[in-house]
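Reader: I would like a close look at a single part of this model, taken slowly and with the criteria spelled out. Please begin with one helix and then follow its surroundings outward.

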Amino acid sequence: MAGGASGIGAATARRLAEEGARVLIGDLNGDGAEGLAAALRGEGHEAAAHRFDIADDASCRELVAAAVTRFGGVDGLFNVAADLSEGTLGRDTDLVDVPLEVWQRSLEVNLTGYFLTARHAVPAMLAGGGGAIVNTISGLVLHGDPQRVAYGSSKSGVVALSKHIATRWGKQGIRCNIVAPGLVLTESSLEMNPPEYREKVSAMLRSPRFGRPEDIAAAVAFLLSADGEWINGQLLPVNGGTGLR
Ligand SMILES: NC(=O)c1ccc[n+]([C@@H]2O[C@H](COP(=O)([O-])OP(=O)(O)OC[C@H]3O[C@@H](n4cnc5c(N)ncnc54)[C@H](O)[C@@H]3O)[C@@H](O)[C@H]2O)c1
């Protein structure tokens, strides 16, 4: 797990552990990751935590090395971390207005970070005969948005990165798919999306409710599992039908 201390990542770590996976929860929020790993271990699952920074190459290398050391290899990678902070996403406006450092930070964490974790995970997966990667984007990539130019652009880049991995190593048993959540009511999402925004999204929904972290966790667990073995390079929106007319 690259991101997993909270929200969608935490729900996915739990889901994977409950399905019998041995999960290494990597996150910048080391205490949060350790708290979740300890809770999962307390319930009889196999889980460990590793504090890491997805924006740092050496740190991403260490995350993968920690998984290999602890569990003997890497079969799956879920990239879900993103800089959703007030200082970054909170200042991410439009093309003309957005501060350059917000653009750069968004790309560094949300796109280059996924490049780095995957770059270190792929050789480890190849050593074990293959593996599966799921990268997280956002419905914003599908629908466009007049704001959040940096966030949207970073997430769009993840689509090309994922298709590259799928086409480059598919024959060697590596799959890479993309999950595009709609509005999921995590703590970060509630902080960053005020009620007016949620109302706007609600009007675009074709479901009686907003998303839950568990909705995305279920899709990711499927894509990482053997049931998803013939799904490669695909983008799966999990969004309650958002955008359907
Ligand atoms: N919640 C939504 O409505 C929604 C919608 C579309 C897409 N997404 C995407 O889903 C993902 C998870 O979102 P969430 O709502 O669960 O938010 P979240 O804040 O709970 O999860 C993000 C995680 O990334 C970690 N993180 C941040 N910077 C990091 C870094 N430099 N290194 C390592 N870890 C770092 C955070 O500590 C946190 O645990 C994000 O990629 C987000 O863009 C969320």
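**Helix α1 and its surroundings**

Author: Helix α1 is largely enclosed by the rest of the structure, because 11 of its 12 residues are buried, where buried means that 20 or more other C-beta atoms, placed from the backbone, lie within 10 Å of the residue's own (12 or fewer is exposed, and anything in between is partly exposed). The model is a predicted one, in which local features need pLDDT of at least 70 and side-chain atom pairs count only at pLDDT 80 or more, while totals for chains, interfaces and linings use all residues. Residues are numbered from 1 along each chain as its sequence is written.

The buried residues of α1 are G7, I8, G9, A10, A11, T12, A13, R14, R15, L16 and A17. Helices here are DSSP runs of H or I with at least four residues, strands are runs of E with at least two, and both are numbered from the N terminus. The length of α1 can be checked against a simple rule, in which the expected span is 1.5 Å times one less than the number of residues; for the 12 residues of α1 this gives 16 Å, and the end C-alpha atoms lie 17 Å apart, which agrees. Just after α1, G20 takes a positive phi of about 100°.

The helix also takes part in the ligand site. The ligand is surrounded by 28 residues, the closest being G7, A82, T186, S188 and S189, and a residue counts as near when its C-beta atom, placed from the backbone, lies within 6 Å. Both α1 (7–18) and α7 (187–192) supply at least two residues of this shell, and α1 gives the most, with 3 residues. By type the shell divides into 14 nonpolar, 11 polar and 3 charged residues, with Ala, Val, Leu, Ile, Met, Phe, Trp, Tyr, Cys and Pro taken as nonpolar, Asp, Glu, Lys and Arg as charged, and the others, Gly among them, as polar.

From α1 the picture extends into the largest nonpolar core, which has 68 residues and in which A13, V23, I25 and V220 have the most contacts. Helix α4 (residues 100–127) gives the most to this core, with 10 residues. Such a core is a set of buried Ala, Val, Leu, Ile, Met, Phe, Trp, Tyr and Cys residues joined through C-beta atoms within 7 Å.

Contact between two residues likewise means that their C-beta atoms, placed from the backbone, lie within 7 Å. Leaving aside residues up to four places away in sequence, I25 touches M1, G4, A5, A13, A33, L36, A37, A47 and A49. Of these partners, A47 lies in strand β2 (residues 47–51) and is buried, with 25 other C-beta atoms within 10 Å. With the same exclusion of sequence neighbours, A47 touches A13, A17, V23, I25, A37, L40 and R41.

For the chain as a whole, there are 9 helices and 6 strands, and 46% of the 245 residues count as buried. Residues 24 or more positions apart account for 73% of the contacts with a separation of 6 or more. The C-alpha trace spans about 45 × 35 × 35 Å along its principal axes.
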